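Grab a pencil and take a look at the model below. We'll work through it with a few short exercises, each with its solution.

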Amino acid sequence: DRRGILYAPDYVISAGGVINGSGEILGSYDAAAARRDVLTIGPRLADLFDRAAAEARAPSRVADAMAEAILEAARERRVARARS
């Protein structure tokens, strides 16, 4: 922003810990898969900041919209699998 502060919500910044920890907790830890998933965080952050700037919206609002879209797509996949 104008003051040179770049902000992203905690759930975006902490995603790496969640990705890594969830596999450990669920007993399905795969280091290569966790690393692959963690490496997607940087590009997602870049997309988040680009979209926020292009739309003149707060990064937190854009991040919420992105998260909602991801969750909705997951719900749709789950419903589609249940129907097949």
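The exercises below take the helices and a few single residues in turn, and keep in mind that this is a predicted model.

**Exercise 1. Check whether the length of helix H2 fits its residue count.**

Step 1: H2 covers residues 15-26, and that gives 12 residues.
Step 2: The expected span is 1.5 Å times one less than the number of residues, so for H2 we should get 16 Å.
Step 3: The C-alpha atoms at the ends of H2 are 16 Å apart, which agrees.
Now look just past the end: Gly-27 follows H2, and its phi is positive, near 75°.

**Exercise 2. Do the same check for helix H5.**

Step 1: Count the residues of H5, and you get 25.
Step 2: At 1.5 Å a residue, the expected reach is 36 Å.
Step 3: From first C-alpha to last, H5 reaches 36 Å, close to that expectation.

**Exercise 3. Work out how H2 lies against H3 and which residues meet.**

Step 1: Start with the geometry: the two helices pack at an angle of about 160°, and their axes are 9 Å apart.
Step 2: Angles over 145 degrees count as roughly antiparallel, so H2 is roughly antiparallel to H3.
Step 3: For the handedness, H2 passes H3 in a right-handed crossing.
Step 4: Find the partners: H2 brings Gly-16, Ile-19 and Asn-20, and they meet Ala-34, Asp-37 and Val-38 of H3.
Step 5: Sort that contact by class, and you have three nonpolar, two polar and one charged residues.

**Exercise 4. Describe the packing of H4 and H5.**

Step 1: H4 takes in residues 41-55 and H5 residues 59-83.
Step 2: Their angle is about 120° and their axes lie 9 Å apart, which makes H4 oblique to H5.
Step 3: This crossing is right-handed.
Step 4: On the H4 side, the contact is made by Arg-44, Asp-47, Leu-48, Phe-49, Arg-51, Ala-52 and Glu-55. On the H5 side, look for Pro-59, Val-62, Ala-63, Met-66 and Ile-70.
Step 5: By class, the contact of H4 with H5 has eight nonpolar, no polar and four charged residues.
Step 6: A helix has 3.6 residues a turn, so residues three or four places apart point the same way. With that in mind, look again at Val-62, Met-66 and Ile-70 in the contact.

**Exercise 5. Find the buried residues of H2 and H5, and say what they pack against.**

Step 1: In H2, the buried residues are Ala-15, Gly-16, Gly-21 and Gly-23.
Step 2: Those residues pack against H1 (10-13), H3 (31-38) and H4.
Step 3: In H5, you'll find Val-62, Ala-63 and Met-66 buried.
Step 4: The cover over the buried residues of H5 includes H1 and H4.

**Exercise 6. Sort Val-12, Gly-17, Ser-22 and Ala-56 into buried, partly exposed or exposed.**

Step 1: Buried means under 20% relative accessible area, and exposed means over 50%.
Step 2: Val-12 sits in helix H1 and has 16% relative accessibility, so it counts as buried.
Step 3: Gly-17 belongs to helix H2, and at 53% it counts as exposed.
Step 4: Ser-22 is in helix H2 too, but its 31% makes it partly exposed.
Step 5: Ala-56 lies in the loop between H4 and H5, and with 71% it is exposed. Check its backbone as well: phi is near 50°, a positive value in a residue other than glycine.

**Exercise 7. Trace what Val-12 touches, then compare sequence separation with distance in space.**

Step 1: Leaving out residues up to four places away in sequence, Val-12 touches Ile-41, Leu-45 and Ala-63.
Step 2: Val-12 and Arg-83 are 71 residues apart along the chain, and their C-alpha atoms are separated by 32 Å.
Step 3: For Ser-22 and Arg-61, the separation is 39 residues in sequence and 25 Å in space, C-alpha to C-alpha.
Step 4: For Gly-17 and Leu-45, it is 28 residues along the chain and 15 Å between the C-alpha atoms.

How values were computed
Residues numbered from 1 in each chain as written. Predicted model: local features only at pLDDT ≥ 70, side-chain atom pairs only at ≥ 80, totals over all residues. Heavy atoms only, no water. Axes fitted to C-alpha atoms, helices over the stretch in contact; angles between N-to-C directions. Helix = DSSP H or I, 4+ residues; strand = E, 2+ residues; numbered from the N terminus. Parallel < 35°, antiparallel > 145°, perpendicular 65-115°, else oblique. Left-handed = near helix turned anticlockwise from the far one by under 90°. Contact = heavy atoms within 4.5 Å. Nonpolar A, V, L, I, M, F, W, Y, C, P; charged D, E, K, R; others polar. Buried < 20%, exposed > 50% of the residue type's maximum accessible area, 1.4 Å probe, protein only.
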